[in-house]
Amino acid sequence: MANLIEALRFLPRHYGRLARAEAHLLPDDYYSPGFITVLASYLNHKGVRQDSVAYASEENRGYLAAVGLSKALWGVDDYKFERRNAGINYSPLTPLASQDAVDLATEQINDCLRAYAKQGNVDYSNSPAFRDLMRVVGELHDNVWSHGLSTGYSMAQRQAFGKSGDHVIEFSLADCGLGFLGELKSSGMRNIESHEDAIKWCIQEGNSSKKAQAVDDWAQSVPNDFVGENPFGAVPIRAAGNGNHHQGLGLAKLVELARKYQGVLHLASGNCALRMSHHGVMTYQALQAPWKGVAVSLTIKESSFMSAKAAEADDADNVDDIMRLLRG
Amino acid sequence: MEVYSFQHTDLASRTLASRSRIGLANKLASSEQVVIDLGKVQSISESFADEFFGVLVMEKGFDFVVQHVRLINAADHVLRPIAISMKRRRLSAA
């Protein structure tokens with residue numbers, strides 16, 4: 001099965017020297033969400049046209065049409081059938097083309113994940129592990145435009161895990177934005193020089209490039225006359241300082257989720273890819289061709305969601321009190 | 001009393017959270033209490049909860065927020081990250 005790491009190796013090696021209008025042939029293989037999101041991000045970044053993508057296998061062509069590769073990349077839906085399996089074993093490939101697409105994209109992916117959760121022998125949609133996954137999907141989607149500043153693509157898939165009767169859920173997201181090191185450098189951090197160190201820094205809880213910035217210029221990305229879709233109506237946006245109070249929680253939560261529920265995590269940026277095994281062992285490997293941006297893939301067995309128990313927090317009473325106050 | 005609600009079932013965008021917080025603060029300038037219906041919301045990221053509710057606590061104070069903002073129809077798993085973000089910002093301000 002071609003996964004995220006294979007995409008990061010295959011695409012620059014086989015497509016790197018091709019002009020945008022030349023045929024980009026996809027070999028016959030089984031493509032995971034990790035591969036597909038990296039492929040979409042790569043083709044979009046390079047500006048490859050729809051008619052320049054060729055398929056060695058009609059099955060691959062059909063599957064990528066079904067997940068909506070052309071629809072997400074070029075706005076042309078080339079799938080001629082009803083998507084009966086959308087939300088059953090795959091989500092549509094979902095583009096994050098702007099800051100305002102974050103919540104809609106999160107809703108689309110999480111709707112599919114919620115549908116997966118209700119299909120098995122046990123409905124695990126109320127499992128604390130599953131709730132954590134919903135939140136992590138949102139955190140990662142927001143990171144694309146809070147940090148990467150470039151279109152990203154995400155996707156989720158459910159598939160059988162061997163002959164055990166178990167299934168695995170894979171969620172993946174890739175963009176060709178600034179990448180971890182690029183963003184840290186643009187934030188003025190000078191003591192991190194390698195992509196590996198940048199990944200290590202970014203996955204620590206409490207570390208955020210936005211917190212490291214002396215001047216918060218993020219708000220300038222919003223037009224001053226923006227009225228937005230917030231429920232309270234028109235809002236005058238100041239040129240700076242209206243938000244972006246990043247706490248450095250998103251990637252730390254991703255790693256924690258993978259570790260707690262024996263997931264397999266791939267996280268790549270620049271010339272480095274982190275792999276965390278289901279035993280929680282982290283290994284860093286070099287990529288021959290650097291990936292411009294960030295690519296993430298998380299795979300968790302459904303049985304892990306089913307068996308997860310809610311952790312009892314030390315300060316649960318305190319939080320419960322606040323919840324009561326808010327409910328009134 | 002006017003009740004506000006979000007358009008999406010899954011809330012994650014810090015940008016929307018920031019705009020919404022500013023909008024809420026404007027409403028609070030002229031209303032004794034603002035009611036937000038979270039019945040449609042199925043997930044809320046910690047970043048969204050922090051940018052909206054945590055930062056509101058930082059700007060207005062914890063007591064002000066719990067006195068003037070009511071959250072209705074919220075599932076426990078939606079309300080908990082909000083309460084945690086408020087607690088975190090309350091502690092950091094102390």
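**Exercise 1. Place P95(A) in its surroundings.**

Step 1. With 31% relative accessibility, P95(A) is partly exposed; buried means under 20% relative accessible area, exposed over 50%, and partly exposed in between (1.4 Å probe, protein chains only).
The model is predicted: local features need pLDDT of at least 70, side-chain atom pairs count only at pLDDT 80 or more, and totals for chains, interfaces and linings use all residues.
Residues are numbered from 1 along each chain as its sequence is written, chains are lettered from A and ligands numbered from 1 in the order in which they are written, and side-chain values use heavy atoms, with hydrogens and water left out.

Step 2. Find the element. P95(A) sits in strand β3 (residues 94–96) of chain A. Helices (H or I, at least four residues) and strands (E, at least two) are DSSP runs, numbered from the N terminus.

Step 3. List the neighbours. Leaving out residues up to four places away in sequence, P95(A) touches A72(A), A105(A), G152(A) and Y153(A). Contact means heavy atoms within 4.5 Å.

Step 4. Check one distance. A105(A) is ten residues from P95(A) along the chain, and their C-alpha atoms are separated by 7.2 Å.

**Exercise 2. Examine two residues with positive phi.**

Step 1. Recall the background. Most residues other than glycine have a negative phi.

Step 2. Take Q262(A). Its phi is near 50 degrees. Q262(A) lies in the loop between α10 (250–260) and β6 (264–276) of chain A. At 41% relative accessibility, Q262(A) is partly exposed.

Step 3. Take N73(B). Its phi is positive, about 60 degrees, although N73(B) is not a glycine. The loop between β5 (69–72) and α4 (76–93) of chain B holds N73(B). N73(B) is exposed, at 54% relative accessibility.

**Exercise 3. Check the length of α4(B), then find what covers it.**

Step 1. Set the rule. The expected span of a helix is 1.5 Å times one less than its number of residues.

Step 2. Apply the rule. The 18 residues of α4(B) should span 26 Å. The end C-alpha atoms are 25 Å apart, which agrees.

Step 3. Look at the buried residues. Among them are V78(B), L79(B), I82(B) and M86(B).

Step 4. Find the cover. From chain A, it includes α6 (128–148) and α12 (316–327). From chain B, it includes β4 (43–44), α2 (46–60), α3 (62–68) and β5.

**Exercise 4. Describe the interface of chains A and B.**

Step 1. Count residues. 46 residues of chain A contact 55 residues of chain B.

Step 2. Give the area. The two chains bury about 4400 Å² between them, 57% of it on carbon and sulfur atoms. Buried area is the accessible area (1.4 Å probe) that two parts lose on being put together, summed over both.

Step 3. Count salt bridges. There are five between chain A and chain B. A salt bridge is a side-chain nitrogen of Lys or Arg within 4 Å of a carboxyl oxygen of Asp or Glu.

Step 4. Inspect one pair. D100(A) forms a salt bridge with R19(B), with the closest N and O atoms 2.8 Å apart. D100(A) lies in the loop between β3 and α5 of chain A and R19(B) in helix α1 (residues 14–30) of chain B, so the pair joins two chains. D100(A) is partly exposed at 34%, whereas R19(B) is buried at 3%.
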